[in-house]
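Q: Hi! I'm new to this one and would love a quick tour. Could you show it to me?

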Amino acid sequence: MSVRHVVPVPRRSATGRVAEVYAQSTADFGQVAFMMLSPAPELHAAAWAVLRESELAGLAPRTDKEVVAVAVSQANRCRFCIDAHTILIHALGEHQLAEDLLNDRVPTDPHHAALATWAKATRTLDPAHLAAPPFQPELAAEYIGTALSTHFINRMFSTLTDEQLLPGNLQRARSVRRVGAMAYTRTVHQELARGDSLPLLAGIPTASRPAWAGDTPIGAAYAALRSAAADGAALLSEQSQNLLRATVAEPTATGPLSHGTWLTQRLTRLPEADRPAAKLALLAALRPHDIAEADVTAWRATTSANDTHLVRLLGFGAITAVERIEEAITSRTSTG
């Protein structure tokens, strides 16, 4: 994987919060998590905490939550995340399930099939598939947290990386996937204590915890993610923020958007000086794959902002889309 548009903090020189996230994610996840977010340490730590507390720790089967992660990634076309979570399912010993999900086939197990259908519906917001989620209410926080975490991370990987898990996309070979999974066999089977990521969030506001998360550590982690990502709003004019929220709320935002046309129509409503930042935020929310180096260059030409600001700006666009998804799915999901 190559990071683009920003320079991540190297592992050897990482300090403070970034170093702590690198260390914990290596121990708990088997790899350094989300290096492309490291220029914004608060956002980096919060994104890791949501993933850890919802997907890696807890009571719901890890395989189930990996099914959700792959299906959401399929819906968002995040190639890196599809490949990465598929390898983790291989590491769990579910080889046929991994291959079925990788190739966007319906899993043979009815429960896994239902989970995949629900997870994909969190992208389309199809009420027919969101109305009766295929998990117990007492486990809803873990499944919802996994889905929302994946939606956020999909967008950040698609904006800030080349989405190649291995050089030359070697992971596309089944034999490579099986061998690669062996490196994660131990970590995917370990039982993690819930809440161990929360000390990494010191100083990040976590007061507005979502009701769907109950009293789980997922609530504090997700509140921190919303807070850290909201810092990016300061990089947009108020008019641009309103345009972003209004566009994300449109019914067409969950379906395919005509390339370029929808964006041009909306950006012309803004003063010219506001358009480069607004374009990045809108694309991060709705079409992250379309962000080009020229878009980032155009934005940098209008501001003295650095890599930290860029990660925060893209994070604000991403969380705006995720909050719309959160509202839609939790309004139809019983959390016990």
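A: Happy to; below we talk through the fold, the cavities and a few single residues of this predicted model.

Q: Great. How many helices and strands are there in the protein?

A: The protein has 16 helices and zero strands.

Q: What radius of gyration does the protein have, and how does that sit with a compact globule?

A: The radius of gyration is 19 Å, and a compact globule with 336 residues would have one near 20 Å, so the two agree. Along the principal axes, the C-alpha atoms fill a box of roughly 55 × 50 × 40 Å.

Q: And what share of the residues is buried?

A: Of the 336 residues, 57% are buried. As for the outside, the accessible surface comes to about 13400 Å², and 53% of that belongs to carbon and sulfur atoms.

Q: What about contacts between residues far along the chain?

A: Among contacts with a separation of 6 or more, 72% are between residues 24 or more positions apart.

Q: Switching topic: how many cavities are there of 30 Å³ or more?

A: A search of the whole structure turns up three. The largest cavity holds about 90 Å³ of space.

Q: Which helix gives the most to the lining of that largest cavity?

A: That would be H16, with three residues. Helix H14 (275-286) and helix H16 (307-330) each supply at least two lining residues.

Q: What kinds of residues are in the lining?

A: Seven are nonpolar, one is polar and three are charged. The lining includes Arg 123, Leu 125, Arg 155 and Thr 254.

Q: Let's pick Leu 125. Where is it, and is it buried or exposed?

A: Leu 125 sits in the loop between helix H6 (110-124) and helix H7 (127-130). Its relative accessible area is 11%, under the 20% cut-off, so Leu 125 counts as buried. Its phi is near 60 degrees, a positive value in a residue other than glycine.

Q: What about Phe 34, what is its phi?

A: Phi of Phe 34 is near 60 degrees, again positive in a residue that is not glycine. Phe 34 is in the loop between helix H1 (16-29) and helix H2 (41-56), and it is buried, with a relative accessible area of 5%.

Q: Last one: where does His 95 lie?

A: His 95 lies in helix H5 (residues 95-102). With a relative accessible area of 26%, His 95 is partly exposed.

Q: How far is His 95 from Leu 263?

A: They are 168 residues apart in sequence and 41 Å apart in space, C-alpha to C-alpha.

Technical notes. Residues are numbered from 1 along each chain as its sequence is written. This is a predicted model: local features need pLDDT of at least 70, side-chain atom pairs count only at pLDDT 80 or more; totals for chains, interfaces and linings use all residues. Side-chain values use heavy atoms; hydrogens and water are left out. On a 1 Å grid over the protein atoms alone, a cavity is a set of points where a 1.4 Å probe fits but cannot get out, and a pocket is an open set with protein on both sides within 12 Å along at least five of seven lines; lining residues have an atom within 4 Å of a point. Grid points are joined across faces, edges and corners, and a volume is the space filled by probe spheres set on the points. Helices (H or I, at least four residues) and strands (E, at least two) are DSSP runs, numbered from the N terminus. Ala, Val, Leu, Ile, Met, Phe, Trp, Tyr, Cys and Pro count as nonpolar, Asp, Glu, Lys and Arg as charged, and the others, Gly among them, as polar. Buried means under 20% relative accessible area, exposed over 50%, partly exposed in between (1.4 Å probe, protein chains only). The radius of gyration is taken over C-alpha atoms; the globule rule is 2.2 Å times the number of residues to the power 0.38. Contact means heavy atoms within 4.5 Å. Accessible areas come from the Shrake-Rupley method with a 1.4 Å probe; for residues, only the protein chains shown count as cover.
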